[in-house]
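Trainee: I am new to this structure. Please take one part and walk me through it closely.

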Amino acid sequence: MKTTLELPDDLFHEAKAAALQRRTTFRAVVESALRRELAPARQTDNPDPEKFEIGPFGILRLKKQPGAKPVTLEMIRAIQEELDEEEYQRAVNPLVR
C-alpha cells in the first residue's frame with residue numbers, strides 16, 4: 001500500500017542516512033521502525049484487570065467504574081489553571097513554598 005508521510009527534515013535525513021549505512025532502503029527503515037513500535041502494543045499484558053482494560057490499539061486504559069463521573073474539558077482546564085498559578089507563584093516567589 002502506498003501512502004504519503006510528512007516528516008521533519010532532520011528525521012527524514014537521519015532515516016535516509018541510516019538506510020545508506022545499513023545498505024537498505026528508506027522504505028525498509030520506516031517499515032522496520034513501525035513494526036518495532038507496534039509490536040509491544042500487541043503483546044501488552046494487563047497488570048490489573050479489575051482497574052484496566054486493553055483498548056482497541058493495544059494500549060492500557062482505565063476501565064469505566066460504575067457511578068464514576070465523566071471527566072470534562074472544563075475540569076481539566078480548571079486543574080491546569082490551578083497548576084499554572086502554583087508554578088507562577090513559585091517562579092515569582094522562589095523562597096516561599
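Mentor: Here is a close look at helix H1, followed by its surroundings and the salt bridges.

This is a predicted model, where local features need pLDDT of at least 70, side-chain atom pairs count only at pLDDT 80 or more, and totals for chains, interfaces and linings use all residues. Residues are numbered from 1 along each chain as its sequence is written, and side-chain values use heavy atoms, with hydrogens and water left out.

Start with H1 itself. Helices here are DSSP runs of H or I with at least four residues, numbered from the N terminus. H1 covers residues 9–21, which is 13 residues. From first C-alpha to last, H1 reaches 18 Å. That is close to the 18 Å expected at 1.5 Å a residue; the expected span is 1.5 Å times one less than the number of residues.

Now look at its two sides. Ala15, Ala18 and Ala19 are the buried residues of H1. They cover an arc of only 100° around the axis, so they sit on the same side of H1. The arc is taken from the directions from the helix axis to the C-beta atoms. Buried means under 20% relative accessible area, exposed over 50%, and partly exposed in between, with a 1.4 Å probe and protein chains only. On the other side of H1, the exposed residues are Asp9, Asp10, Glu14, Leu20 and Gln21.

Next, the two ends. Leu7 lies in the segment before H1. Leu7 is partly exposed, at 34% relative accessible area. Leu7 also joins Leu5, Leu11 and Phe12 in a nonpolar surface patch, with about 330 Å² of accessible area together. Such a patch takes residues with over 30% relative accessible area and no salt bridge, nonpolar side chains being joined within 5 Å. Just after H1, Arg23 takes a positive phi of about 55°.

Finally, the salt bridges. The structure holds 2 of them, each defined as a side-chain nitrogen of Lys or Arg within 4 Å of a carboxyl oxygen of Asp or Glu. In one, Arg35 meets Glu31 at 3.1 Å, N to O. Both belong to helix H2 (residues 26–42), 4 residues apart, so about one helical turn separates them. Arg35 is exposed at 55% relative accessibility, while Glu31 is partly exposed at 35%. Glu53 and Arg61 form a salt bridge too, with their closest N and O atoms 2.8 Å apart. Glu53 is partly exposed at 27%, and Arg61 is partly exposed at 42%.

Key:
Helices (H or I, at least four residues) and strands (E, at least two) are DSSP runs, numbered from the N terminus. Patches are made of residues with over 30% relative accessible area and no salt bridge: like charges are joined within 9 Å, nonpolar side chains (Val, Leu, Ile, Met, Phe, Trp, Tyr) within 5 Å. Accessible areas come from the Shrake-Rupley method with a 1.4 Å probe; for residues, only the protein chains shown count as cover.
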